[in-house]
Amino acid sequence: MRQRLLPSPVLALAAAAGAVLLAGCTSTASTATSGSADAAGTPAAITVDSTDDACTVSTAEAPSGVLHFAVTNSGSDVTEFYVLGADGLQVVGEVENIGPGISRDLVVQAAPGTYTLACKPGMTGDGIRSTFTVNDSGADLTPTGPTGELIATAVANYKAYVDDQVGQLLAGTKEFAAAYIAGDDAKAKALYAPVRMHWERIEPVAESFGDLDPILDAREADLEEGQDWTGWHRIEKDLWPPASGYTALTPAERKTVADKLVADTQTLADRTADLTFRVDQLGNGAKELLDEVATGKITGEEETWSHTDLWDFQANLEGAKVMYAGLAPVVQRVDPELATTLDTRFAAVQALLDKLRDGDGFVYYDALSADQIKELAAAVDALSEPLSTLTATALQAAGGGSAVASPASS
Amino acid sequence: MTAVSRRALLTGIGVGAASVAAVGVGAAAIARQSEDEPVATGRTYDFYGAHQAGIVTPMQDHLHAAAFDLTTTSRDDLVRLLQAWSAAAAAMTAGSPVGLYGAVNGPYDAPPDDTGEALDLPASGLTITIGLGPSLFRTSDGVDRFGLADRLPAGFGPLPAFPRDTLDEAICGGDLFVQACADEAQVAVHAVRTFAREAFGTAAVRWSQLGFGRSSVTSSADSTPRNLFGFKDGTNNITSDDAAGLDDFVWVQPEDGTDWMTGGSYLAVRKIRMTIETWDRTSLREQEAVFGRTKREGSPLSGGTEHTVPDFAATGRDGAPLIPTDSHMALAHPSANDGHRILRRAYNYTDGSDGLGRLEAGLFFLGYARDLSRQFVPMQLRLSRSDRMNEYVRYLSSAAFAIPPGAAGPGGFVGERLFA
């Protein structure tokens, strides 16, 4: 399977932050395995020794194509290593935050030309620079250039999508809360899953606010002893109570928890208004949404009482697809095979979900057979694995730069 | 007890072994034994002593742990079981079959005393460690079945509910506990099987767990092994040569106020499923940020090598800490836990697959401490609240056991002072 998951040299390269996957880099798809990094054809690492006052590179030239730098910090301070364009400004690739004694790899794709290498012990100043020549090996290289604009567009479009979803979430939450406070349980139950879909579509964004996520979306099992339970799932249990051993909330308690839900959602809306996104957040966000499906929805853990897990599943999938769609033109440019794989597998998961539609919604999780759950799980895994390489592929297309420097979203 | 040493059997009936060799299978077995380093499979650990073995003992490669529920309410039955277990444990850890007649020497019309699957195997460093659950002293309904409620050690009880726990009650808790560790899986399984057989009528197996690939190190001579996330785990463990650390953090001391436990310890058990499929789709950057260490060397992200003291104050670009504050290491480190440490003795496990095409795998966490309520509970609470790793794990089980001091010698048994 690994060969198919790493369908092209570019993708394998992009995935290989460390040396382990490098065996896939220059092998053809039919022979690539996840085996040893010493396999024939692996580009020999160019070693870089960064000390407090020197930046020793094992060679001053290399053939064009995949360049693999093994950077060791032999100094006493935190260091960084850069591959810069001939102008000494444009960042082709970089690794940052290398602690003393630590080694880290940098894999870049370099066209023929003159480059500047720089170690930056202490992370300040221009660093210790040297010139590096890349000779023409005849290797095909990923086109670069206009991808920058594509990425900027993707990021801007995603921001608009998040704003729209948060707006709909807030409006829907108010309607849901009003019905619940008024004791109109039928209406509240009908609104519960569709309104939550706005949350689920942008879950990684919502979860990025570590304080809001638990008060809005904690499940009972997430709590510690003595902790107040608020948010969606508190109301879920009250609307779909267990058959025995449960005390319903009083009207006053209903109002308290519903008002808080609205207020906390308003806070979420206020905070997302100021958010900006990076390309790696789009790529990682898509993967994280599928992780949510794999760990929470496939198992029926998310909606313990309402069993509306498939609504969340659909929303996670849509959210991931929006993130991917933004980056798709970029992926199409650098790795058309990955784009085809992702398109096909997104469609396959959607086709399975479509079979489980019931009216405006879906069948409930507790009505699914073991075989249906297994089929969904397999389709999600088949999509998630190549999707996990999206970030690295997009960053590769972006040509390193500031996006690489930013820590991955979590 | 005239048990015959399995090793004596091996050498004593060498002619028989040689004749078996002609068919090939025996030849392979014998060749393997002679190639193995004697220390790896032939080592033995004394069952008797001031402390039970299997706590600071250098970790063997295989684990079979089990918890039992008592089916009797007779204190005498309970004592007899602990006596029988201790005698069987002494025989098995010495490499001997159990029972008067062992596996093949008894009356022809009776089932053999020993089940026999470990017959040709050396002691394999087997250790058997016996524990007592809080429910032995008082059930969750408050019933004192054995007149032991007033002997419950201060500060000892069931572990509290931690945030994000998704526990399966059927594999939590237990009245009695046994941990069998050995260099051969079959020897460890033989020990638990023998215990279960001894217990019929008195206690029944509540849950049991196989583990492999020790995921901790309790000897400073061993290198740190890797867990199923691919990271070195438990680098900063308390090791057997750290006498002060053991007295401070592992062995119950006279001043702790529970005389019958002096020289013993307490054990926290947590079965931690790893969602390894989502982990494997995570970037190396995120993986290292989760642990706070590099994957290759296990160095703290602040620099140095594996055993370099982490510098949590070190910052990188934009002043962000090199070791994320929500990384596993930052939260589990003694500096974040009032200096408290525990002795980790965790094993990797794989229970086949989960029916959804994913490996049912993770870490079977065993942590020993002098006082769980001070050393373990606050740390686990901190981890359950904030650990960046939580996204990739599920806590499936939870149990606490009192691990009494060792049995003094032949005729003595684990827990003897509790019943005195």
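These are my notebook entries on the contact between two chains, the salt bridges and the nonpolar cores of a predicted model.

**Entry 1: the interface as a whole**

I began with the contact between the chains. Chain A puts 40 residues into it and chain B puts in 34. Together the two chains bury about 3,000 Å², and carbon and sulfur atoms account for 47% of that. I then asked which three residues of chain B supply the most buried area against chain A. They are Arg281(B), Arg317(B) and Leu356(B), with 27% of the area that chain B buries there.

Next I counted the polar links. There are nine salt bridges between chain B and chain A, and 16 residue pairs are in polar contact across the interface, both partners being at pLDDT 80 or more. On the side of chain B that touches chain A, helix H10 (284-291) and helix H13 (377-386) are the elements that give two or more residues. H10(B) has the largest share, with four residues. Sorted by class, that side of chain B holds twelve charged, twelve polar and ten nonpolar residues.

**Entry 2: two bridges across the chains**

I picked out two pairs to look at by eye. Arg385(B) and Glu224(A) form a salt bridge through their side chains, at 2.7 Å from N to O. In the other pair, Glu288(B) meets Arg104(A) at 3.6 Å, N to O. This pair joins two chains, because Glu288(B) sits in helix H10 of chain B and Arg104(A) in strand S7 of chain A. Are these two partners buried or exposed? Both Glu288(B) and Arg104(A) are buried.

While in strand S7 of chain A (residues 103-110), I also noted Gln109(A). Gln109(A) has a relative accessible area of 18%, so it is buried, the limit being under 20%.

**Entry 3: Arg394(B)**

Arg394(B) belongs to strand S9 of chain B, residues 393-395. I put it down as buried because its relative accessibility is 17%. What does the side chain of Arg394(B) reach with a polar atom? I found the backbone oxygen of Thr295(A), 3.0 Å away. Setting aside residues up to four places away in sequence, Arg394(B) touches residues of chain A, namely Thr295(A), Gly296(A) and Glu301(A), and of chain B, namely Thr166(B), Lys271(B), Ile272(B) and Arg273(B).

**Entry 4: salt bridges within a chain**

Over all chains I have 48 salt bridges. Lys297(A) pairs with Glu292(A), their closest N and O atoms being 3.9 Å apart, and both residues are buried. Lys297(A) and Glu292(A) also belong to a network of salt bridges, whose members include Arg196(A), Glu200(A), Asp217(A) and Arg219(A).

In chain B, I looked up the salt bridge between Asp354(B) and Arg358(B), where the closest N and O atoms are 3.1 Å apart. Asp354(B) is partly exposed, because its relative accessibility is 22%, while Arg358(B) is buried at 9%.

**Entry 5: the nonpolar cores**

I finished with the cores. The largest one has 83 residues, and Tyr158(A), Phe176(A), Ile298(A) and Phe313(A) have the most contacts inside it. A second, separate core has 77 residues, including Ile130(B), Phe137(B), Ala268(B) and Leu372(B).

I followed Ile298(A) further, leaving aside its neighbours within four places in sequence. Its contacts in chain A include Val293(A), Phe313(A), Tyr365(A) and Ile373(A). Ile298(A) is also in contact with Leu356(B) and Arg358(B). I had already met both: Leu356(B) is one of the three residues that supply 27% of chain B's buried area against chain A, and Arg358(B) forms the salt bridge with Asp354(B).

Definitions and conventions
Residues are numbered from 1 along each chain as its sequence is written. Chains are lettered from A and ligands numbered from 1 in the order in which they are written. This is a predicted model: local features need pLDDT of at least 70, side-chain atom pairs count only at pLDDT 80 or more; totals for chains, interfaces and linings use all residues. Side-chain values use heavy atoms; hydrogens and water are left out. A nonpolar core is a set of buried Ala, Val, Leu, Ile, Met, Phe, Trp, Tyr and Cys residues joined through side-chain atoms within 4.5 Å. Buried means under 20% relative accessible area, exposed over 50%, partly exposed in between (1.4 Å probe, protein chains only). Contact means heavy atoms within 4.5 Å. Buried area is the accessible area (1.4 Å probe) that two parts lose on being put together, summed over both. A salt bridge is a side-chain nitrogen of Lys or Arg within 4 Å of a carboxyl oxygen of Asp or Glu. A polar contact is a pair of N or O atoms within 3.5 Å; within protein, one must be able to donate a hydrogen and the other to accept it, and residues adjacent in sequence count only if both atoms are side-chain atoms. Ala, Val, Leu, Ile, Met, Phe, Trp, Tyr, Cys and Pro count as nonpolar, Asp, Glu, Lys and Arg as charged, and the others, Gly among them, as polar.
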